[in-house]
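Visitor: I would like a close look at one part of this model, namely its aromatic rings and the places around them. Please take me through it step by step.

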Amino acid sequence: MKSIKIFAIVAIAGLFSCSDDELRTYDALQQKDAVESVNDPYLLASIIKKTALFYQKMGYDTRMLPGAVQHMESNYQSGDNFYSGFKSPVTDMYTSMEILKLIDGSTRLAKERGSKSHEGIFKVFRVLLFSYMTDFYGDVYYAEALKAREGVLYPKYDKQADIYNGLLKELDEANALIDAGTEPVSDTYDLMFGGSKEKWKKFSNSLKLRLLMRASDKMPDAAAKIAALANAPVLSDPTDNASISYIGTLGGETGNSWTGGPLNWGTIDNFDTRRPCKTLIDKLTLLNDPRMQVWFAPIEKPWTSDPAKHGVSFTTTDPNGYTYTSTWEYIDRKNKDIAAYATKEILLDSNKVYAGFVAGMLADWKNGNGHYDVAAGGAVGNFKVSKFSKLFRENKHALLKAMIMNSDEVQFILAEAAAKGLIPGGADAYYRKGITNSLLRWGVSQDAVTKYLAQAVVALPTDKAGQLAKIAEQKWISLFLVSSEGYLDLRRTKLPNIFNNGRLSGFAFPERYRYPGDELGQNKPAYDLGVSSLSPAVDDQFSKMWLLK
């Protein structure tokens, strides 16, 4: 019976719409009816799953953000290689609100039952999702959001500065509630931290650190608040991650399997449209980074300038035991097809076992790295560009997680804070711990970690600008498949400076999401005020919000 109730509540929470007054009124009814008779642990499991899958979708399923940060490129029918998805209104604000409705009802129930620990945890998720909304859009509803029970069907937008102050206050309240709570957190239904209140507090403090660093140039007291967190418990160990594992038995929107696996994508074609970006591949190659072999597969038919190697096959096995066979192809410049590609600067990575798709290139699988053998390639085939590793074709794997925030991100935030003098001590220890945690999280051995850190090309420079650039570079790598944070960090720091890579020099980097179209139609007074806060006051992807002015 309890499982049926959970399903009903999740279904109710998912029926969010802003299309007309009738549905706005329905919002009030659903908030009155939802969640009243279900226990906190069940609700916690639903909130964790829905939120983690929401973040995972942005990191891999939807290619807009992975493309914007040059981790992933499309090689078939997509404009995400040059930010085209940002041109249209984005409805992620409504997806966030769907989950926030469930959180709101769960919080109300927790208060009625005196479940302070759960109330505090629910508040952490509330902050996470409202911060997502304001970080991507600018001014959004906050103080009047979720007030349909009180008759507020058209909530006003709050100023982003006010939202940030409110969210930071809520995180302090969350920690106090978790401390005051006497009821246990179920290790069965706590899919993220196994019932550990200490880890929930670490997550809360880490989220606060993330928000403070993001607003550090705008909030006068941000530096003092970051310094106050220097000795607070945060996500620090390689296993201290706000993420959940996949079970791998059920596909679909409400399933429990990794997106790229056969349960979700029955054919491999959808899988093969996602390719690593040349920007990322080149950086991993330069650094001799062992994550390359974990994340990506060798080219099936790499080029060689040596005619003696023509037709020679070789095999490679990655750290997870997946084996690949590649065959060298000779670059015969007398072949008119090959010669044509060579002169168009498309044949870029000869004699390389790993190669990426050029940033900003049209999503035309025929052109990537001089792929001329069209007939043999199939609908989405490209022998000349690496694919994602076979790891990402599994329904589940110990390394596959739906990720919200990992400990390596937190360590890089602390490294940046130390480099800027916001916290005492040097940046190097945090920097190395961030790298270590990321490598270990992806299954790299400790010996390989030690070898990687010993390289001069990885060492942290002594000057401040050099340190910030190197920290940002390693953080950018570590945020692979955590694309929402990767985008927001690249937008904030402008590091690494990859904005003119490949064929992107003619495309401006987008600064925000456009508001959903229904806001213009159904909540226009609030929408107009939100747009008026942008600079310039235009609802497009290039206008700057308070955080960026």
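Guide: What follows begins with ring pairs and then moves to loops, helices and single residues.

The model is a predicted one. A search of the whole structure turns up 43 aromatic pairs. Two of them are described here. The rings of Phe82 and Phe507 have centres 5.2 Å apart and planes at 20 degrees. Planes under 30 degrees apart count as stacked, so the pair of Phe82 and Phe507 is stacked. Phe82 belongs to the loop between strand 1 (72-74) and helix 5 (92-113), while Phe507 belongs to the loop between helix 19 (483-493) and helix 20 (517-522), so the pair ties together parts that are 425 residues apart in sequence. Are the two residues buried or exposed, or in between? Phe82 counts as buried, because its relative accessibility is 16% and the cut-off for buried is under 20%. Phe507 has 36% relative accessibility and therefore counts as partly exposed.

The second pair is Phe296 with Phe480. Their ring centres are 5.7 Å apart and their planes stand at 80 degrees, so this pair is edge-to-face. The cut-off for that class is over 60 degrees. This pair, too, links distant parts of the chain. Phe296 is in the loop between helix 12 (291-295) and strand 6 (303-304), Phe480 is in the loop between helix 18 (464-478) and helix 19, and the two are 184 residues apart. Both Phe296 and Phe480 are buried.

The loop that holds Phe480 also holds Leu481, between helix 18 and helix 19. Leu481 is not a glycine, yet it has a positive phi of about 70 degrees. Most residues other than glycine have a negative phi, and most peptide bonds are trans. With a relative accessible area of 7%, Leu481 is buried. Gln70 is another residue that has a positive phi without being a glycine, with a value of about 60 degrees. Its place is in the loop between helix 4 (64-68) and strand 1. Gln70 has a relative accessible area of 1% and is therefore buried.

Now to the peptide bonds. The loop between helix 19 and helix 20, where Phe507 lies, is also the place of Pro496. The bond from Leu495 to Pro496 is cis, with omega near -5 degrees. The bond from Ser535 to Pro536 is cis as well, with omega near -5 degrees. Pro536 is found in the segment after helix 21 (524-532).

Some rings have a charged residue over the face. Lys384 lies over the face of Trp303, at 3.8 Å from the ring centre. Lys390 lies over the face of Tyr324, at 4.8 Å from the ring centre. Trp303 comes up again in the surroundings of Tyr372. Which residues does Tyr372 touch, leaving aside its neighbours within four places in sequence? Tyr372 is in contact with Trp303, Glu329, Asp337, Ile338 and Tyr341. Tyr372 is in the loop between helix 13 (336-343) and helix 14 (374-377). It has 24% relative accessibility, so it counts as partly exposed. From C-alpha to C-alpha, Tyr372 and Met58 are 32 Å apart in space, and they are 314 residues apart in sequence.

Next come two helices. Helix 16 (residues 428-441) and helix 17 (residues 446-453) have axes that come within 10 Å and cross at roughly 145 degrees. The crossing of helix 16 with helix 17 is right-handed. On the side of helix 16, the residues that meet helix 17 are Arg432, Ile435, Thr436, Leu439 and Leu440. On the side of helix 17 they are Gln446, Val449, Tyr452 and Leu453. By class, this contact has six nonpolar, two polar and one charged residues.

Last is Lys470, which is found in helix 18. Lys470 is buried, because its relative accessible area is 13% and the limit for buried is under 20%. Leaving aside neighbours within four places in sequence, Lys470 is in contact with Leu287, Tyr431, Val457, Val458, Ala459, Leu460 and Pro461. Lys470 and Lys451 are 19 residues apart in sequence, and their C-alpha atoms are 18 Å apart in space.

Terms used:
Residues are numbered from 1 along each chain as its sequence is written. This is a predicted model: local features need pLDDT of at least 70, side-chain atom pairs count only at pLDDT 80 or more; totals for chains, interfaces and linings use all residues. Side-chain values use heavy atoms; hydrogens and water are left out. Rings of Phe, Tyr and Trp (its six-membered ring) pair if their centres lie within 6.5 Å; planes under 30 degrees apart count as stacked, over 60 as edge-to-face and the rest as tilted. Helices (H or I, at least four residues) and strands (E, at least two) are DSSP runs, numbered from the N terminus. Buried means under 20% relative accessible area, exposed over 50%, partly exposed in between (1.4 Å probe, protein chains only). A charge sits over a ring if NZ of Lys or CZ of Arg is within 6 Å of the ring centre and within 35 degrees of the ring normal. Axes are lines fitted to C-alpha atoms, for helices over the stretch in contact, and angles run from 0 to 180 degrees between N-to-C directions. A crossing is left-handed if the near helix is turned anticlockwise from the far one by less than a right angle, and right-handed if clockwise. Contact means heavy atoms within 4.5 Å. Ala, Val, Leu, Ile, Met, Phe, Trp, Tyr, Cys and Pro count as nonpolar, Asp, Glu, Lys and Arg as charged, and the others, Gly among them, as polar.
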